Number of protein chains: 2
Amino acid sequence: MLTEERHRIILELLETKKIVRIQELVEVLSSSESTIRRDLSQLERKKKLKRVHGGASLLNQKKEELSIDEKLTKNLEEKDRIAKYAATLIKDGDCIYLDAGTTINQMIPYISAHDLTVVTNGLTHLEQLLAKNINTYLVGGCIKQKTRALIGHGAIDSLNKYRFDKIFLGVNGIHVDYGYTTPDPEEAAVKATAINLGQNVFVLADHTKFHEVTFSKVADLEEATIITNETDPETIEEFRKKTNIEVVTE
Amino acid sequence: MLTEERHRIILELLETKKIVRIQELVEVLSSSESTIRRDLSQLERKKKLKRVHGGASLLNQKKEELSIDEKLTKNLEEKDRIAKYAATLIKDGDCIYLDAGTTINQMIPYISAHDLTVVTNGLTHLEQLLAKNINTYLVGGCIKQKTRALIGHGAIDSLNKYRFDKIFLGVNGIHVDYGYTTPDPEEAAVKATAINLGQNVFVLADHTKFHEVTFSKVADLEEATIITNETDPETIEEFRKKTNIEVVTE
DNA sequence: CACAATTCAATCATTTTCTTTCAAATTCAT
DNA sequence: ATGAATTTGAAAGAAAATGATTGAATTGTG
């Protein structure tokens with residue numbers, strides 16, 4: 001791959017993710033660590049990004065956001081481990097659905113299975129999927145400006161034409177009584193549709209999502225397997241009564 | 001192969017791919033590496049592209065700068081005028097379909113109508129449409145790597161749920177007997193579907209497309225109004241017998 | 001504080017790409 | 001045709017990019 005091409009992709013990734021890890025870039029761009037490091041140095045010299053330990057970040061943020069940024073980094077690491085584990089569930093030849101959103105996005109660099117068919121409603125996933133030469137389908141629909149997700153009837157109708165080996169979703173809240181929830185009803189409807197299109201449904205959620213409830217219900221707990229890094233034994237036990245829950249420890 | 005011809009092809013490739021490798025060009029144009037390198041140097045001197053290690057990339061030039069270049073950007077200028085005129089056909093409140101491809105892409109900067117709903121199968125149009133705050137819908141489907149167009153049954157099914165006030169298409173060939181044609185059968189099928197979804201169908205085509213025939217038929221001439229800058233009186237007359245044709249002169 | 005684990009910068013050998021040069025082939029005007 | 005100008009392809013050495021390796025620096029953990 002050409003240097004220019006890599007630089008372009010790195011900057012595009014940064015736009016959507018704010019922070020990228022070197023290892024992610026190594027995977028997505030199939031280049032060596034050395035090359036990626038050189039790329040980041042060059043882009044930093046051109047003032048296109050800021051290098052940080054472990055990767056690079058946008059150099060846009062104000063002082064207030066900096067502290068938030070540190071938390072974000074930590075949270076990202078958690079999410080990253082969850083995503084990495086989830087990616088290992090994908091096997092050669094699978095047809096999978098990848099929900100829009102940053103949580104699921106983090107899976108992509110770790111996908112190593114071959115001969116995949118991926119369907120997604122997340123425009124932000126596209127560059128990475130195509131860079132990995134994965135056979136990618138988009139659902140139709142209305143584009144939600146903020147998150148670049150495809151939603152609405154178009155998305156739901158498109159989805160209903162597919163069946164998946166595995167379905168990976170992100171949500172905002174997980175609650176014993178209220179199940180999975182997310183703020184936007186339109187997005188919830190898409191997720192609710194996807195959840196019925198296969199036997200193996202996985203919801204990825206770091207520990208901050210537990211006991212949270214947001215506006216729109218996606219489904220009941222038992223309709224998906226939860227993949228998380230939550231380790232509080234009480235919480236785990238509580239949810240294990242209702243559904244499968246896989247805890248990523250390492 | 002003539003130098004001029006190679007230059008034209010190189011620039012066309014660049015338009016769709018953003019970046020091309022020298023080796024690619026060597027194969028496509030069956031010329032030696034030396035010749036390609038010379039071509040790229042010349043085109044760089046003319047400010048048509050930027051050389052990068054391993055190939056060449058598009059330099060993001062603004063429209064104004066383009067028109068400053070005179071005779072040499074003639075083809076681009078032509079396309080631009082056609083696109084500009086086509087954009088004026090769009091009225092406030094319209095629901096329109098924009099086909100994938102560079103010809104139609106050029107319309108977007110000139111769209112000034114308000115309260116639009118745009119449906120497209122071209123991923124490359126998205127950023128510009130969203131930047132203009134246009135209510136944008138994507139059709140679903142399989143992503144064609146090379147052109148970033150959505151194609152296949154998914155795209156066709158998605159499309160069939162809509163009806164449009166105006167439909168704008170690009171094609172590769174226009175011929176009195178064979179109608180509108182384009183190389184990829186999958187893309188042709190999408191265009192053929194779109195053409196039936198409204199009364200006002202416009203095909204944008206600069207003069208190089210006339211009398212050309214490519215692999216896959218999209219539709220008969222009479223199914224769309226041609227917008228062009230072709231000025232040869234005989235050609236115009238010949239086509240006017242079959243369908244509406246609007247000639248952009250200024 | 002000390003330990004292990006990452007991450008980092010620097011360096012080197014290898015491969016790829018670039019520039020320059022030159023001779024053969026082609027085009028053009030006499 | 002003949003010779004001049006242009007275009008082309010090949011070759012050689014220079015430059016750039018790449019991946020691997022090393023030891024130093026940084027981070028997280030007990």
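## Who faces strand D

Start with the surface near DNA strand D: α1 (3-17) and α3 of chain A, along with α1 and α3 (33-45) of chain B, each put at least two residues into it. Keep in mind that this is a predicted model.

How many residues surround DNA strand D? The count is 17, and the closest are R6(A), T35(A), R38(A), T35(B) and R38(B). Of the strand D atoms that come within 4 Å of the protein, 56% belong to sugar and phosphate. By residue class, the surface near strand D splits into two nonpolar, eleven polar and four charged.

## Polar contacts to strand D

On the chain A side, T35(A) has a polar side-chain atom 2.5 Å from a phosphate oxygen of DNA strand D. S32(A) also points at the backbone of the DNA, with a side-chain N or O atom 3.0 Å from a phosphate oxygen of strand D.

What does the side chain of S34(B) lie 3.0 Å from? Here the partner is a base nitrogen of DNA strand D, reached by a polar side-chain atom of S34(B).

## Who faces strand C

Now for the other strand. DNA strand C is surrounded by 15 residues, and R37(A), H53(A), G54(A), R37(B) and G54(B) are the closest. Sugar and phosphate make up 81% of the strand C atoms that come within 4 Å of the protein.

Which elements each supply at least two residues of this surface? They are α3 (33-45) and β2 (50-52) of chain A, plus β2 (50-52) of chain B. The residues near strand C sort into four nonpolar, six polar and five charged.

## Backbone atoms at the phosphates

Some protein backbone atoms sit by strand C phosphates too. G54(A) places a backbone N or O atom 2.4 Å from a phosphate oxygen of DNA strand C. For V52(A), a backbone N or O atom is 3.3 Å from a phosphate oxygen of strand C, and a polar backbone atom of V52(B) is likewise 3.3 Å from a strand C phosphate oxygen.

## A helix pair in chain B

Two packed helices are described by the angle between their axes and the distance between the axes. In chain B, helix α1 (residues 3-17) packs on helix α2 (residues 22-29) at about 130 degrees, with the axes 11 Å apart, so α1(B) and α2(B) are oblique to each other. Their crossing is right-handed.

Which residues do the meeting? From α1(B) come R6(B), I9(B), I10(B), L13(B) and K17(B), and from α2(B) come E24(B), L25(B), V28(B) and L29(B). The contact residues divide into six nonpolar, three charged and no polar.

Conventions:
Residues are numbered from 1 along each chain as its sequence is written. Chains are lettered from A and ligands numbered from 1 in the order in which they are written. This is a predicted model: local features need pLDDT of at least 70, side-chain atom pairs count only at pLDDT 80 or more; totals for chains, interfaces and linings use all residues. Side-chain values use heavy atoms; hydrogens and water are left out. A residue is near a molecule or strand if one of its heavy atoms lies within 4 Å of it. A polar contact is a pair of N or O atoms within 3.5 Å; within protein, one must be able to donate a hydrogen and the other to accept it, and residues adjacent in sequence count only if both atoms are side-chain atoms. Helices (H or I, at least four residues) and strands (E, at least two) are DSSP runs, numbered from the N terminus. Ala, Val, Leu, Ile, Met, Phe, Trp, Tyr, Cys and Pro count as nonpolar, Asp, Glu, Lys and Arg as charged, and the others, Gly among them, as polar. Axes are lines fitted to C-alpha atoms, for helices over the stretch in contact, and angles run from 0 to 180 degrees between N-to-C directions. Angles under 35 degrees count as roughly parallel, over 145 as roughly antiparallel, 65 to 115 as roughly perpendicular and the rest as oblique. A crossing is left-handed if the near helix is turned anticlockwise from the far one by less than a right angle, and right-handed if clockwise. Contact means heavy atoms within 4.5 Å.
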